[in-house]
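Reader: I'd love a close look at one part of this protein, explained for someone who spends the day at the bench. Please pick the part and walk me through it slowly.

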Amino acid sequence: MANEGEKGLATRPERAPERGLRVSSRVVIPDEDLEESFIRAAGPGGQNVNKVATAVQLRFLAGRSAALGDEARERLLKLAGARATKGGDVLIEASRFRTQERNRADARERLVALVREALVPPPPPRKKTRPSRGAVERRLEAKKGRSDIKRMRGRISD
């Protein structure tokens, strides 16, 4: 079978796969900004839990990462709350599952969800508005009408 490029068929140049954690179509967190360590997890697992480090600590070095802009980084650290360190890192622990692979995937999914939420810009501030003159007059007329109705409910004096 001959090379397709020789037959005149157009071939697309293949892009090198981006190494890292894909957050969106424009944002990829490079592997250099992620640190993983495996620790022993508490919970179910019997004797295995005492011998095997299945829980994952995923550290995203957000303070030095070029993947996020300054505003998104600030929102991320604010959203992370207690999971953010003073150095600007985000620490996520995953120990829901009994295997390292599933805990690792869980930690990465949770980090992606957190970063996606931080990438959404805040809504614009609310503009203060005033009711129109006609709306104010209609409201006062309605109040006056209700007042008259209630005043007429009183006892009839002879």
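Author: Happily; what follows is a tour of the sheet and of helix α3, which lies across it.

This is a predicted model, in which local features need pLDDT of at least 70, side-chain atom pairs count only at pLDDT 80 or more, and totals for chains, interfaces and linings use all residues. Residues are numbered from 1 along each chain as its sequence is written, and side-chain values use heavy atoms, leaving out hydrogens and water.

To set the scene, the protein chain has 4 helices and 5 strands (DSSP runs numbered from the N terminus: H or I of at least four residues for helices, E of at least two for strands). Along the sequence they follow the pattern β-β-β-α-β-α-β-α-α. Of the chain's 158 residues, 23% are buried (under 20% relative accessible area with a 1.4 Å probe, counting protein chains only; exposed is over 50%, partly exposed in between).

Now to the sheet. It is open and made of 3 strands in the order β3-β4-β5, with antiparallel pairing (two strands pair if DSSP finds at least two bridges between them). β3 (34-39) and β5 (90-94) are the edge strands with a single partner each, so one side of each has no neighbour in the sheet. On average, neighbouring strands here are turned by 20 degrees against each other, direction ignored (axes are lines fitted to C-alpha atoms, for helices over the stretch in contact; angles run from 0 to 180 degrees between N-to-C directions).

β4 covers residues 55-60 and pairs with β3 over 6 bridges; there, E36 has L58 as its bridge partner. With β5, β4 shares 5 bridges, and F60 stands opposite V90. Because 5 of the 6 residues of β4 are buried, this strand is largely enclosed by the rest of the structure. β5 shows two faces: V90, I92 and A94 are on the covered one, while L91 and E93 are on the uncovered one.

Helix α3 (residues 100-119) lies across β3, β4 and β5, at about 30 degrees to β4. Its buried residues include N103, D106, R108, L111 and V115. Among the elements covering them are β1 (21-22), β2 (28-29) and α2 (70-80), along with the sheet strands β3, β4 and β5.

Finally, look at the largest nonpolar core (buried Ala, Val, Leu, Ile, Met, Phe, Trp, Tyr and Cys joined through side-chain atoms within 4.5 Å). Of its 22 residues, I29, F60, L76, V90, L111 and V115 touch the most other members. β4, α2, β5 and α3 each supply at least two residues, and α3 gives the most, with 6. Beyond its neighbours within four places in sequence, L76 is in contact (heavy atoms within 4.5 Å) with F60, A62, L68, V90, L114, V115 and A118. As a general backdrop, nonpolar side chains tend to be buried together in soluble globular proteins.
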